[in-house]
Amino acid sequence: MLEVTSTSMEVQLGADFAQLYRESSMCKDKDMVVKRLSVPVPGTTDLHFATRFPQKFREQFKACLWKQCLSYWRTPSYNLVRFVFITLSCIFFGALFWQQGNINHINDQQSLFTILGCMYGITLFAGINNCQSVMPFISMERSVVYRERFAGMYSPWAYSFAQVLLITLSFFRWIISLLHADVDLSFFWR
């Protein structure tokens, strides 16, 4: 039961709006319209479709990929922030752990733990930031996905494959971070 505050109009007027609506002619007219429209016309049949989805898998996949590309690439500020952040964080961690990955510098257990901690820190730092920056877009997209899936526009597989393909297009960020880590930490450079 909802608690009514003393400033509501119902309390001020001393009336129950829900009860007034139930007793009104408008409510009775709406109920009659609903009852009349819920009975099918004689001679009609229910809708029936040969397949569950109106398009083949390939068309569903193309539609999902197109829609996700539009929503992803129409937000350049989001993409720019992610590229700049990964570049700056790699430069920061590279300066912090300069030349620590050189095999000649790993002489004891502490040196090994330092380089493992550096890799863990970069991964955790970039991962948390990427999760936080993508959340507003995921929350906006969620209601659209639910509505489109309920309407039967595409299968979950088509949507998932399109999203995986779009994520692999972010490969350039991974290349940037890999190059920075390898060069700054001297993993494979002699």
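This passage describes the helices of the chain, the surroundings of several side chains, and the aromatic pairs and nonpolar core of the model.

The model is predicted, and for that reason local features are reported only at pLDDT of at least 70 and side-chain atom pairs only at pLDDT 80 or more, whereas totals for chains, interfaces and linings use all residues. Residues are numbered from 1 along each chain as its sequence is written, and side-chain values rest on heavy atoms, with hydrogens and water left out.

The chain contains eight helices and zero strands, where helices (H or I, at least four residues) and strands (E, at least two) are DSSP runs numbered from the N terminus. Along the sequence the pattern therefore reads α-α-α-α-α-α-α-α. Of the 190 residues in the chain, 25% are buried, a term that denotes under 20% relative accessible area, with exposed denoting over 50% and partly exposed the range in between (1.4 Å probe, protein chains only). Among the contacts in the chain with a separation of 6 or more, 71% join residues 24 or more positions apart, a contact being defined by heavy atoms within 4.5 Å.

Towards the start of the numbering, Glu-10 is found in helix α1, which comprises residues 9–13. Glu-10 counts as partly exposed, at 25% relative accessibility, and, when residues up to four places away in sequence are not counted, Glu-10 touches Ala-15, Asp-16, Phe-17 and Ala-18. A polar atom of the Glu-10 side chain lies 3.2 Å from the backbone nitrogen of Phe-17.

Helix α5 (residues 76–96) has 21 residues, which at 1.5 Å a residue should span 30 Å, and its end C-alpha atoms are 30 Å apart, in agreement with that value; the expected span is 1.5 Å times one less than the number of residues. The buried residues of α5 are Tyr-78, Asn-79, Arg-82, Phe-85, Ile-86, Ser-89, Cys-90, Phe-93 and Gly-94. They lie on the same side of α5, because they cover an arc of only 155° around the axis, the arc being that of the directions from the helix axis to the C-beta atoms. Exposed residues on the other side of α5 are Pro-76, Ser-77, Leu-80, Val-81, Leu-88 and Ala-95.

A further group of residues centres on Lys-67, which is found in helix α4 (residues 57–73) and is buried, with a relative accessible area of 17%. Leaving aside neighbours within four places in sequence, Lys-67 is in contact with Glu-141, Val-144, Glu-148, Tyr-154 and Tyr-159. Of these partners, Glu-148 is found in helix α6 (residues 109–150) and is likewise buried, at 12% relative accessible area. The side chains of Glu-148 and Lys-67 make a polar contact (3.4 Å), that is, a pair of N or O atoms within 3.5 Å, of which, within protein, one must be able to donate a hydrogen and the other to accept it, residues adjacent in sequence counting only if both atoms are side-chain atoms. Besides Lys-67, Glu-148 touches Met-153 and Tyr-154, not counting residues up to four places away in sequence.

A search of the whole structure finds three aromatic pairs. One of them joins Tyr-154 and Tyr-159, whose rings are stacked, at 5.8 Å centre to centre and 10° between the planes; rings of Phe, Tyr and Trp (its six-membered ring) pair if their centres lie within 6.5 Å, and planes under 30 degrees apart count as stacked, over 60 as edge-to-face and the rest as tilted. Tyr-154 is buried, with a relative accessible area of 4%, and Tyr-159 is buried as well, at 12%. Trp-157 and Phe-161 form a tilted pair, with 5.8 Å centre to centre and 35° between the planes. Both of these residues lie in helix α7 (residues 156–168), four residues apart, or about one turn of the helix. Trp-157 is exposed, with a relative accessible area of 58%, whereas Phe-161 is partly exposed, at 41%. Together with Phe-57, Trp-157 and Phe-161 form one aromatic cluster.

Tyr-154 and Tyr-159 also belong to the largest nonpolar core, whose six residues further include Cys-64, Leu-65, Val-145 and Ala-162; such a core is a set of buried Ala, Val, Leu, Ile, Met, Phe, Trp, Tyr and Cys residues joined through side-chain atoms within 4.5 Å. Helices α4 and α7 each supply at least two residues of this core. Not counting residues up to four places away in sequence, Tyr-159 touches Cys-64, Lys-67, Gln-68, Glu-141, Val-145 and Tyr-154.
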